Amino acid sequence: MIDQPIQYNAEAKLRLHFRGVMRVYISDLKDHVGKTVSLQGWVYNHRSSGKIKFLLMRDGTGICQCVYFRGECSDEAFTDFEKLTQETCVKVTGMVRAEPRSPGGYELSARELEINAGSVDYPISPKKHGTDFLMNQRHLWLRSKRQHAVMRVRAEVVKAIRDFFDGRGFTLTDAPIFTPSACEGTSTLFETKYFDEKAYLSQSGQLYMEATAAALGKVYCFGPTFRAEKSKTRRHLIEFWMVEPEVAFNDLYDNMELAEQFVEFVVQRVIVKREEELKTLERNVEGLKKVKAPFPRVHYREAVAMILKENPAFIDGNDFGGPDETIVSSKFEQPVFVHHFPSAIKAFYMKEDPKEPGYSMSCDLLAPEGYGEIIGGGQREDSYETLVRKIEEHKLNIKDFEWYLDLRKFGTFQHAGFGLGVERTVGWICGTQHVRETIPFPRLYGRNYP
Ligand code: 4AD
Ligand code: MG
């Protein structure tokens with residue numbers, strides 16, 4: 001059905017215009033107690049009972065209850081109220097009152113109601129909807145309270161990430177999205193055209209960060225990355241955001257120290273700054289409060305021993321599946337590092353530990369409560385000859401990596417770094433069931449809409 005726009009209440013608009021009422025945001029109502037102001041937003045909920053009508057409106061900064069009393073508001077407002085439907089766009093004018101029982105702590109004793117645009121048959125109601133339905137309505141679903149909370153936590157996580165690295169002398173050196181080659185294995189590359197050549201969407205900015213680390217010492221990139229993974233798990237997105245620091249002269253152990261301080265910083269910042277949102281999400285933050293460096297560290301072989309006790313089918317030498325990660329992480333209250341994965345299951349750039357042949361100087365960080373791997377990283381191979389051999393063993397095209405090999409030709413250096421996935425981190429902090437709720441418009445296997 002085509003939405004019929006409701007006519008502007010021209011008279012009400014005119015009256016307000018002449019009174020010169022100030023337009024404010026719901027989040028700022030505390031500064032206007034006792035004053036007459038206007039709010040603009042959308043109808044969240046509304047109900048009438050005789051002489052009194054209640055409008056819950058939202059403007060993106062909060063929710064405010066607006067109370068219309070017959071006799072105290074204009075007659076037009078009282079009549080127009082009956083035209084309201086969920087998500088009608090409105091302007092409300094009234095006097096601000098402190099009201100502890102009201103959501104947000106303030107209320108409007110409403111005088112005028114101006115209907116700016118109608119909303120017919122809004123598809124999302126307070127009743128439970130199936131996830132597939134909600135994902136199809138993602139553009140509207142974002143208007144819901146729970147989704148607001150997740151988006152605000154995400155924004156805070158992003159800000160905390162930037163503040164941490166900017167505050168420690170790192171330089172932001174963002175990596176390209178179009179790339180000529182694989183970083184994390186060819187099986188999950190998205191191929192596209194770059195004029196007459198082939199190109200791939202970036203799986204990771206790491207290789208470029210290794211170049212900028214040689215230029216600027218401590219660097220990071222932060223942007224979207226892409227993996228053509230045909231997996232429908234609660235942890236996998238096709239497009240996700242990753243922050244990737246890289247530090248010249250760090251080794252594996254420095255790398256884990258940086259990672260744990262970083263994760264502590266992000267989590268502690270968010271639980272202080274987004275307390276309200278975490279309450280809305282009914283997130284128990286007691287566990288999160290304990291996220292303090294140092295984190296426990298477990299060698300791959302120790303982790304395998306833990307897994308075998310509960311999953312005897314696991315094969316030593318393999319990578320962990322989600323349930324295997326949960327077995328390991330459930331033994332700890334803190335996030336836990338697993339380090340020294342077999343070289344055979346890690347990317348070509350990982351340095352093999354000279355003291356432990358067959359094992360790489362890699363580390364993954366597993367979040368508690370079954371949220372799984374949120375960080376992957378390690379120390380990089382810095383020998384030219386070894387790297388050439390690894391590139392050949394992985395059947396990668398050496399020509400594509402000439403520039404990368406230059407970094408080992410011209411003053412090669414010990415260095416390490418990691419990548420943290422934003423959505424998995426937000427999912428863990430918010431306690432969401434699935435990463436799809438942690439990004440405004442998720443790209444999933446089987447979903448590229450809306
Ligand atoms: O472990 P990954 O693949 O590591 C890298 O890409 C390294 N090059 C990073 C580096 O050292 N600079 O990915 C890093 C993190 C994972 O721990 C996870 O949090 C996230 O990126 N991630 C995903 N998040 C959502 N959906 C996916 N399909 C993801 N794949 C990885
Ligand atoms: Mg990984």
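1. A good place to start is the ligand site: ligand 1 sits in the largest pocket. Please keep in mind while reading that this is a predicted model, and that goes for each of the points below.

2. Around ligand 1 there are 23 residues, and those that come nearest are E184, Q206, E229, E244 and E373. By character, the shell divides into 8 charged, 8 polar and 7 nonpolar residues. It is worth having the side chains of this shell on display as you go through the next two points.

3. Two of those nearest residues, E229 and E373, also appear among the polar contacts. In the side chain of E373, an N or O atom is 2.6 Å from an oxygen atom of ligand 1. For E229, the partner is a nitrogen atom of the ligand, which lies 2.8 Å from a polar side-chain atom of that residue. R235 takes part through its backbone instead: one of its backbone N or O atoms lies 3.4 Å from a nitrogen atom of ligand 1. As for cover, the protein buries 94% of the 630 Å² that ligand 1 exposes when taken alone.

4. Which strand gives the largest share of the shell around ligand 1? That is β16, with 5 residues. Three strands each supply at least two residues of this shell: β12 (239-248), β16 (372-379) and β17 (415-421).

5. Turning to charge pairs, the whole structure holds 31 salt bridges. One of them links R143 to E87, with the closest N and O atoms 2.8 Å apart. R143 belongs to the loop between α4 (138-141) and α5 (145-166), while E87 belongs to the loop between α2 (75-80) and β5 (89-98), so this pair ties together parts that are 56 residues apart in sequence.

6. Some backbone details deserve a look too. Most peptide bonds are trans, and most residues other than glycine have a negative phi. Against that background, A293 and P294 are joined by a cis peptide bond, with omega at about 0°; P294 is placed in the loop between α9 (286-289) and β13 (297-299). Another cis peptide bond joins Y449 and P450, where omega is about -5°, and P450 lies in the segment after α14 (422-430).

7. Finally, what is the sign of phi at F195, positive or negative? F195 has a positive phi of about 55°, although it is not a glycine. You will find F195 in the loop between β9 (191-194) and β10 (197-201).

Key: Residues are numbered from 1 along each chain as its sequence is written. Chains are lettered from A and ligands numbered from 1 in the order in which they are written. This is a predicted model: local features need pLDDT of at least 70, side-chain atom pairs count only at pLDDT 80 or more; totals for chains, interfaces and linings use all residues. Side-chain values use heavy atoms; hydrogens and water are left out. A residue is near a molecule or strand if one of its heavy atoms lies within 4 Å of it. A polar contact is a pair of N or O atoms within 3.5 Å; within protein, one must be able to donate a hydrogen and the other to accept it, and residues adjacent in sequence count only if both atoms are side-chain atoms. Accessible areas come from the Shrake-Rupley method with a 1.4 Å probe; for residues, only the protein chains shown count as cover. On a 1 Å grid over the protein atoms alone, a cavity is a set of points where a 1.4 Å probe fits but cannot get out, and a pocket is an open set with protein on both sides within 12 Å along at least five of seven lines; lining residues have an atom within 4 Å of a point. A molecule sits in a cavity or pocket if more than half of its atoms lie within 2 Å of its grid points. Helices (H or I, at least four residues) and strands (E, at least two) are DSSP runs, numbered from the N terminus. Ala, Val, Leu, Ile, Met, Phe, Trp, Tyr, Cys and Pro count as nonpolar, Asp, Glu, Lys and Arg as charged, and the others, Gly among them, as polar. A salt bridge is a side-chain nitrogen of Lys or Arg within 4 Å of a carboxyl oxygen of Asp or Glu.
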